[in-house]
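Student: I should be grateful for a close look at a single part of this protein, namely the place where two of its helices cross. Please then connect that part to its surroundings in one continuous account.

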Amino acid sequence: MPKVVDHDNRRRELLPAVWKVTARVGVENVTLRAIAAETGWSTGTLQHYFPTKRELIISAHELAYSRAGERIADRVRELKGVDALRAVILEALPLDDERLLEARVEVSAWNLAATDEDFRAMRKERVDEWMPLLEQLIADSRKETGAAGDCSDAIAAHQALILIDALSAQAVVTPHIATPARQRELVELFLIEAVGASRR
């Protein structure tokens, strides 16, 4: 009998190598040959699963977002209020090697998001998933602390998203400034100002 191959699993096995190559050379310089060298697969096999480099890169980012979402869901399952909001923001930041790799891939792909409509649509879909979650966590946190806030829940959620993106970019470009300790400190300041959290 012919060997049964789970194509989705084979794609998932491949995509972490795409992150490594992208982080190393930038999304513009990723080639199927470089991915093949990283994985030990032939370029022909790669093209069987991902016909184009563009599809490969977009799929790698979709997997990164999916993994981040799974981590966040696991992290906050037993939390609520300010503790849940803090955990979500911290889990999205590049505070360890795995998440720093994801941030390098993400930042390197921002140019692609500016020029590729499909990639931009994928990004929009992920942001549209994030914003309601952040807004609800802001509302829950303010209810817990009794803080009214100087802006709406929606604006505070947007500020949280900007904080995540900015710190991720700085951790990649200026890691001596955006250290894990500094990232955590800035998150605490945001929580104090946005939802009236107590300083930890």
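Tutor: The crossing of helices H8 and H9 is right-handed. It is taken here as the part to examine, with the caution that the model is a predicted one.

Helix H8 covers residues 117-145, and its axis lies 8 Å from that of H9 at an angle of about 120°. Angles of 65 to 115 degrees count as roughly perpendicular and those over 145 as roughly antiparallel. The angle between H8 and H9 therefore makes the pair oblique.

The side of the contact contributed by H8 consists of Arg123, Val127, Trp130, Met131, Leu134, Glu135, Ile138, Ala139 and Arg142. Facing them in H9 are Asp153, Ala154, Ala156, Ala157, His158, Ala160, Leu161, Ile164 and Asp165. By class, the residues of this contact comprise 12 nonpolar, one polar and five charged.

Within this contact, Ala157 merits separate attention. Ala157 belongs to helix H9, which runs over residues 153-173. Its relative accessibility is 0%, and because buried means under 20%, Ala157 counts as buried. Apart from residues up to four places away in sequence, Ala157 touches Met131, Leu134, Glu135 and Ile138. These four residues are also listed on the H8 side of the contact with H9. As a reference for distance across the model, the C-alpha atom of Ala157 is 40 Å from that of Gln47, a residue 110 places away along the chain.

Helix H8 has a further partner in H10, which spans residues 180-195. The axes of H8 and H10 are 10 Å apart, and the packing angle is about 70°. The two helices are therefore roughly perpendicular to each other. From H8, the contact draws on Ile138, Ser141, Arg142 and Thr145, and from H10 on Phe190, Ala194 and Val195. Its residues fall into four nonpolar, two polar and one charged. Ile138 and Arg142 take part in the contact of H8 with H10, and both also appear in the contact of H8 with H9.

Another link from H8 leads to Tyr65, a residue of helix H4. Beyond its neighbours within four places in sequence, Tyr65 is in contact with Glu106, Met122, Arg123 and Arg126. Arg123 also belongs to the H8 side of the contact with H9. The C-alpha atoms of Tyr65 and Arg126 are separated by 7.6 Å, although the two residues are 61 places apart along the chain. Tyr65 has a relative accessibility of 19% and, because the limit for buried is under 20%, counts as buried.

Tyr65 also leads to a second pair of packed helices. Helix H4 (residues 53-76) and helix H6 (residues 97-108) have axes that come within 11 Å and cross at roughly 140°. That angle makes H4 oblique to H6. The crossing of H4 and H6 is left-handed, whereas that of H8 and H9 is right-handed. On the H4 side the contact is made by His61, Tyr65, Arg67 and Arg71, and on the H6 side by Glu98, Arg99, Glu102, Val105 and Glu106. This contact of H4 with H6 divides into two nonpolar, one polar and six charged residues.

A further site involves aromatic rings. Trp41 is located in the loop between helix H2 (32-39) and helix H3 (43-49). A search of the whole structure yields one aromatic pair. Its members are Trp41 and Tyr49, with ring centres 5.8 Å apart and planes at 50° to each other, a tilted arrangement. Both residues are buried: Trp41 has a relative accessible area of 18%, and Tyr49 one of 5%. When neighbours within four places in sequence are set aside, Trp41 is in contact with Arg10, Glu13, Leu14, Ala36, Leu46 and Tyr49. The C-alpha atoms of Trp41 and Asn111 are 28 Å apart, with their positions 70 residues apart in sequence.

These sites belong to a protein with 10 helices and zero strands. The C-alpha trace spans about 65 × 40 × 30 Å along its principal axes. Of the 200 residues, 42% count as buried. Among contacts between residues at least 6 apart in sequence, 66% join residues at least 24 apart.

Technical notes. Residues numbered from 1 in each chain as written. Predicted model: local features only at pLDDT ≥ 70, side-chain atom pairs only at ≥ 80, totals over all residues. Heavy atoms only, no water. Phe/Tyr/Trp six-rings, centres within 6.5 Å; stacked < 30°, edge-to-face > 60°. Buried < 20%, exposed > 50% of the residue type's maximum accessible area, 1.4 Å probe, protein only. Axes fitted to C-alpha atoms, helices over the stretch in contact; angles between N-to-C directions. Parallel < 35°, antiparallel > 145°, perpendicular 65-115°, else oblique. Left-handed = near helix turned anticlockwise from the far one by under 90°. Contact = heavy atoms within 4.5 Å. Nonpolar A, V, L, I, M, F, W, Y, C, P; charged D, E, K, R; others polar.
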